[in-house]
Amino acid sequence: MNQILLKKGIDMASSLNKAILIGRLGKDPETKFTQGGVAISKFSIATDEEWKDRNGEKQKKTEWHNVVAWRRLAEICNQFLVKGKQVYVEGRIETKKWEDKEGNERRTTQIAADKMIMLSGEGKKEEKKVVEDDDAVVF
């Protein structure tokens, strides 16, 4: 594919940071506002992996992903998302450095969401929406 695009004069991106998750909310979003009035919504999503081990026994592993949404998308997440509901989230992976109370350097990895689709009905309000960070809402 790379060769075809280069032949047409289109250069491939040198890197890509994209995360796509489908999972269930671990808790209702927590939404705060910056001093400038910008909404920030944080929530966690659980994704499951299932397989059979060598003995044919079903195994399951759950991964937890921290998600942060900003601006209008944060407001929509706060308004419609509830614990246990299935959601599609698209965004980029971010790692933040910070110091704990003892002065130790810590790191937190999160998904900075730029798109969200509610996949299961009956959230805080029963509607299915596709929401992107640029304030576009598509039904």
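This is a short tour of the structure above, stop by stop.

Before you click, note that this is a predicted model, where local features need pLDDT of at least 70, side-chain atom pairs count only at pLDDT 80 or more, and totals for chains, interfaces and linings use all residues. Residues are numbered from 1 along each chain as its sequence is written, and side-chain values use heavy atoms, with hydrogens and water left out.

**The whole chain**

Start by showing the protein chain as a cartoon. You'll find two helices and eight strands; helices (H or I, at least four residues) and strands (E, at least two) are DSSP runs, numbered from the N terminus. From that end, the order is α-β-β-β-β-α-β-β-β-β. Of the 139 residues, 29% count as buried, where buried means under 20% relative accessible area, exposed over 50% and partly exposed in between (1.4 Å probe, protein chains only). Among contacts (heavy atoms within 4.5 Å) with a separation of 6 or more, 54% are between residues 24 or more positions apart.

**Strands 1 to 4**

Now select residues 39–52, which make up strand 3, and add strand 1 (residues 19–25): the two run antiparallel and are joined by two bridges. Two strands pair if DSSP finds at least two bridges between them. To see one partnership here, pick leucine 25 and isoleucine 45 in strand 3.

Next, add strand 2 (residues 30–33), which runs antiparallel to strand 3 with four bridges. Glutamate 30 has lysine 42 of strand 3 as its bridge partner. These two strands form a hairpin with five residues between them, and glycine 37 in the turn has a positive phi of about 90°.

How many bridges join strand 3 to strand 4 (residues 58–70)? There are 13, and this pair is antiparallel too. Zoom in on tryptophan 51 and its bridge partner in strand 4, glutamine 59. This hairpin also has five residues between its strands, and glycine 56 takes a positive phi near 80°.

**Arginine 71**

Step on to arginine 71, in helix 2 (residues 71–80). Arginine 71 is not a glycine, yet it has a positive phi of about 55°. Its relative accessible area is 44%, so it counts as partly exposed.

**Glutamate 90**

Jump to strand 5 (residues 86–99) and pick glutamate 90. Is glutamate 90 buried or exposed? Its relative accessibility is 13%, so it counts as buried. Show the side chain of lysine 18 as well: a polar contact of 3.0 Å joins it to the side chain of glutamate 90. (A polar contact is a pair of N or O atoms within 3.5 Å; within protein, one must be able to donate a hydrogen and the other to accept it, and residues adjacent in sequence count only if both atoms are side-chain atoms.) Leaving aside neighbours within four places in sequence, glutamate 90 also has contacts that include Ala19, Ile20, Ala112 and Asp114.

**The largest pocket**

For the last stop, select Lys27, Glu30, Thr31, Lys32, Ile40, Lys42, Phe43, Ser44, Asn66, Val67, Thr108 and Gln110, which line the largest pocket. On a 1 Å grid over the protein atoms alone, a pocket is an open set of points where a 1.4 Å probe fits, with protein on both sides within 12 Å along at least five of seven lines; lining residues have an atom within 4 Å of a point. Which strand gives the most to this lining? Strand 3 does, with four residues.
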